[in-house]
Amino acid sequence: MSGSLDLRDGCELVTYPDHKQLNEILSFDDDISNFDDEISNFICIIEFSSRIGNLHRIFDDCTTSGKLDMGKTVKNSDATVLGDVPVTNVTRHYDFTISRSQISVDGVLRDTILVNDQFPGPAIEANWGDWIEVVVHNNITAPEEGTALHWHGMLQRGTPWADGTPGDAQCPIAPGKSYTYRYQAELYGTSWYHAHYSAQYTGGVAGPMQIYGPSSQDYDIDLGAVMLTDWNHVPYFSIVTDVVGTDFSKIPPRSDNLLINGRNSFNCSTPSYDNSTEWLGSNLKSSINWTCVEDAPLSKFQFQTGKTHRLRLINHGADGVQKFSIDGHSFTVISVDYVPVVPYTTNTITLAVGQRTDVLVTANNNSAKSYYMRTTTTGGDACGQSSAKEALAVVYYSSADTSTFPAYTSPTTPAKDCASDPLPSLVPSYPLKPSSNPYQQDLTLSLGRNSTGNFEWQINSQTYRANFNEPLLYDAAAGNTSNTFETQDKKNPLFNIFDFGSNSSVLLNVTNNTPVGHPFHLHGHNFYVLASGHGVWDGSLLGSANPSRRDTQWIDVGGYVVLQFEADNPGVWPFHCHVAWHLSGGLAINVATRTDEIVPIPKGTREQTCVDWDAYTKRDEVDQIDSGS
């Protein structure tokens, strides 16, 4: 969204193509750069493209008086600093219905669960500091399922009940019921929302989030989200049944295809599944028989010759580490997750599940040409490699013939590993230094079996399983502090609670003793990435004066990562692997911090989901075969 003006009346987003027209519409007497006193009837002007002179991206802060403070940049303010978050007095409203569908995005018909019958789901757009309100209706039937939506990377300071995690922040939204999420866009940049109920999001419940704010480098055109995912042709329930089963050969499952913005083609000559594997639930088979159409359409992008374009890359997949490139072009990285970084140049972007990277691409080639955009997975099962070679999309320059495709050439083989971009490259634009003397918690990841022989993923020899009917946040907010957590943990260790009490800063030393890698995500916080490598951490740190910050970090096979977060957001927050199949197998803990300082939860919030869910579970047995979250 470039060139948008946010009006007070109805908060409608209107796009104006140039500086002159914007002046005319606002009836400014002088040039737009002198309109400070004439904007009082507007509440917020945030996003401009470079077509509007030098005011091309951001008017950073909108106050209640309607005046604009253009002083915020990526170098002098940070989204995690509460006082830096603009007060816009604007709420963005969305209405989502989640329901089953059948789609064939790559030519293969499959069962899905979608938001507003779209894949990917509708984009959420807001300006930094806006409030976002989403009404979610659960219309999942045949069979029924609960659901909940998580807003990946959002801090939820002051609204921990809106985090969207059943068993922690809420009960699931019961079938046939609705729930309203409301939270502030405290961070800016690129992310995604997704279901946080079992592995439901891999069935299609996911969409992009674009929060407009300052940029670490100028650009001309914002092309929006480029969503990358692996894609399975069988329902997620069938896959979860396998990955929490007893057959090690089915761990991990390889995806059938890869997609860019929900599209790719598939070779129909070899069916990707047998009809007997199509299960929607424990006792309900799919009605789909193998159906495939060759030459499904690819996603298309338009580059304007000579212009610099922003692409918002998101890995919203189930498992695979994506390596993204555009033939004949290089990238300037300006942001990772929700953290602006000092720009650097690269030819390939590596994204583990849940990670995002914002890049700039300049269209400096022949204006009549087109180029392939590619994403692939490498590194074998340890990196979630797909059965598909790659996903393709097409980038067309201004004068290119959009009815034709570029000549295909084999891609340059990316590195056959799944490590994230080197930590020394990821220097935050706004320097922050971790607190000294943090509390240290050692965590060891492992893969084991339970008493029935089923595989389960473990942290410190304990797997995780959510209790949908008893969200932990409400116990904590009611004054049930560490003693209660200890009692609960002894009574039901599957909650896997780590209560860090009043510690102001926590260091997590995570060692991976499993045969695959893991992208770990912490809710409610950005963390510092202090060290990463193979073997056992030796205590040394990288760049402790201004270390890399993000909310999702890859941990390599046989490796370790050292993360530190400031415990400045009281609550109960999941810390989990974002490979859907590993989380289904229980690879998660709950991090409890300063629970005596949790903000008061509005009266009736728990009841909005839990009364309906309790009634539903008394009527029907929940088909929960995994960790649930």
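These legends describe close-up views of a predicted model of one protein chain.

**View 1. The whole chain holds six helices and 36 strands.** The chain has 629 residues, and 61% of them count as buried. Contacts with a separation of 6 or more were sorted by distance along the sequence, and residues 24 or more positions apart account for 77% of them. The chain exposes about 22,600 Å². Carbon and sulfur atoms supply 47% of that area.

**View 2. The largest nonpolar core has 93 residues.** Which residues have the most contacts inside this core? They are Ile124, Ile132, Leu149, Trp151, Tyr181 and Phe575. Take Ile124 and leave aside its neighbours within four places in sequence. Ile124 is then in contact with Tyr94, Phe96, Ile132, Val134, Trp151, Tyr183, Tyr193, Pro208, Met209 and Gln210. Another core, of 28 residues, lies apart from the largest one. Its members include Phe301, Val361, Ala363 and Ala391.

**View 3. Gln210 sits in strand S12, residues 206–212.** Is Gln210 buried or exposed? Gln210 counts as buried because its relative accessibility is 6%, and the cut-off for buried is under 20%. Gln210 is one of the residues in contact with Ile124. Now find Ala123. Gln210 and Ala123 are 87 residues apart along the chain, yet their C-alpha atoms are separated by 7.4 Å.

**View 4. Helix H6 spans residues 605–619.** H6 has 15 residues. From its first C-alpha to its last, H6 reaches 22 Å, close to the 21 Å expected at 1.5 Å a residue. Which residues of H6 are buried? They are Thr605, Thr609, Cys610, Trp613 and Tyr616. To read that list, recall how a helix turns. An α-helix has 3.6 residues a turn, so residues three or four places apart point the same way. Look next at what lies over these buried residues. The cover includes strand S10 (178–184) and helix H3 (472–477).

**View 5. Five strands form an open sheet with mixed pairing.** Their order is S17-S25-S24-S19-S22. S17 and S22 (349–351) are the edge strands, and each pairs on one side only. From one strand to the next, the twist averages 25 degrees. Zoom in on S17 and S25. Strand S25 covers residues 391–396 and runs parallel to S17, with four bridges joining the two. Within this pair, Lys300 stands opposite Val394 in S25.

**View 6. Strand S26 (residues 439–449) pairs with S29 and with S27.** How many bridges join S26 to S29? There are seven, and the two strands run parallel. Strand S29 covers residues 505–512. Leu443 stands opposite Val510 in S29. The pairing of S26 with strand S27 (residues 455–459) is antiparallel, over five bridges. Here Arg449 stands opposite Phe455 in S27. S26 and S27 form a hairpin with five residues between the strands. In this hairpin, Gly453 takes a positive phi near 90 degrees.

**View 7. Two cis peptide bonds come just before prolines, at Pro120 and Pro143.** Most residues other than glycine have a negative phi, and most peptide bonds are trans. The first bond in this view joins Phe119 and Pro120, with omega about -15 degrees. Where is Pro120? Pro120 is in the loop between strand S6 (110–115) and strand S7 (124–127). The other bond joins Ala142 and Pro143, and its omega is about 0 degrees. Pro143 lies in the loop between strand S8 (131–138) and strand S9 (149–151).

**View 8. Asp295 and Asn496 have a positive phi without being glycine.** Phi of Asp295 is near 60 degrees. Asp295 lies in the loop between strand S16 (284–285) and strand S17 (299–302). Its relative accessibility is 69%, so Asp295 counts as exposed. Asn496 has a phi of about 50 degrees. The loop holding Asn496 runs between helix H4 (482–491) and strand S28 (497–499). Why does Asn496 count as buried? Its relative accessibility is 4%, and buried means under 20%.

Methods:
Residues are numbered from 1 along each chain as its sequence is written. This is a predicted model: local features need pLDDT of at least 70, side-chain atom pairs count only at pLDDT 80 or more; totals for chains, interfaces and linings use all residues. Side-chain values use heavy atoms; hydrogens and water are left out. The expected span of a helix is 1.5 Å times one less than its number of residues. Buried means under 20% relative accessible area, exposed over 50%, partly exposed in between (1.4 Å probe, protein chains only). Contact means heavy atoms within 4.5 Å. Two strands pair if DSSP finds at least two bridges between them. Axes are lines fitted to C-alpha atoms, for helices over the stretch in contact, and angles run from 0 to 180 degrees between N-to-C directions. A nonpolar core is a set of buried Ala, Val, Leu, Ile, Met, Phe, Trp, Tyr and Cys residues joined through side-chain atoms within 4.5 Å. Accessible areas come from the Shrake-Rupley method with a 1.4 Å probe; for residues, only the protein chains shown count as cover.
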